[in-house]
Amino acid sequence: MYARILVPMALDHDISGHTLQVAKALCASNGEIIALHVYESPQGSVSVYLDEATVKEGFKQAHRMMQKKLEDLPDVRPEIVKGHTSRSIIDFADAKGIDCIVIGSHKPGLTDYFLGSTASRVVRHASCAVHVHRSS
């Protein structure tokens, strides 16, 4: 059983409900589950076309979506950070003393073998245990 579990959540995927169930099963009786969403700000030339208010509204919308996904789970603490997804997950886990990361993953395609998915990067670089829940 783990005392501090991190569950990264992509708000546009439905796998987070499953990963939260896995986290509850792995969590010690007095443990803590933290749901993390990484908000990636628009990059490169796209950011030139978006004003600051639009980017801020996108962040607020992500925060509202996170709250809605977790409204029936008062024992799960929501967190949202800005940054690169896999790097932010790893940095957050290191900074907060996370024991286990429970992350969802899709079935890998050809590009995942060359580029690497978020889950595979987290598995390779996390300094704690990582449980990958593969969607069917």
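Me: Two strands pair if DSSP finds at least two bridges between them; in this predicted model, over how many bridges do strand E1 and strand E4 pair?
Reply: Strand E1 covers residues 2-8 and strand E4 covers residues 100-105. One link between these strands involves Leu 6, whose bridge partner in E4 is Ile 101. The two strands run in the parallel sense, and the number of bridges over which they pair is two.

Me: Which strands stand at the edges of the open sheet?
Reply: The open sheet is formed by five strands with parallel pairing, in the order E3-E2-E1-E4-E5. Each edge strand has a single partner strand, so one side of each is left without a neighbour in the sheet. The strands in question are E3 (76-82) and E5 (129-134).

Me: What does the twist average from one strand to the next?
Reply: The strands concerned are those of the open sheet ordered E3-E2-E1-E4-E5. From one strand to the next, the twist averages 25°.

Me: Which helix lies across E4 and E5, and at about what angle does that helix run to E4?
Reply: Helix H3 (residues 52-69) lies across strand E2 (27-39) and E3, running at about 150° to E2, and so is not the helix asked for. Across E4 and E5 lies helix H6 (residues 118-125), and its angle to E4 is about 155°.

Me: Is Val 48 buried or exposed?
Reply: Val 48 is placed in helix H2, which spans residues 44-48. Together with Val 46, Tyr 49 and Leu 50, Val 48 makes a nonpolar surface patch of about 450 Å². Because exposed means over 50% relative accessible area and Val 48 has 65%, Val 48 is exposed.

Methods: Residues numbered from 1 in each chain as written. Predicted model: local features only at pLDDT ≥ 70, side-chain atom pairs only at ≥ 80, totals over all residues. Heavy atoms only, no water. Patch = residues over 30% accessible without salt bridge, like charges linked within 9 Å, V, L, I, M, F, W, Y side chains within 5 Å. Areas by Shrake-Rupley, 256 points an atom, 1.4 Å probe, with all protein chains shown as cover. Salt bridge = Lys/Arg side-chain N within 4 Å of Asp/Glu carboxyl O. Helix = DSSP H or I, 4+ residues; strand = E, 2+ residues; numbered from the N terminus. Buried < 20%, exposed > 50% of the residue type's maximum accessible area, 1.4 Å probe, protein only. Pairing = 2+ DSSP bridges. Axes fitted to C-alpha atoms, helices over the stretch in contact; angles between N-to-C directions. Contact = heavy atoms within 4.5 Å.
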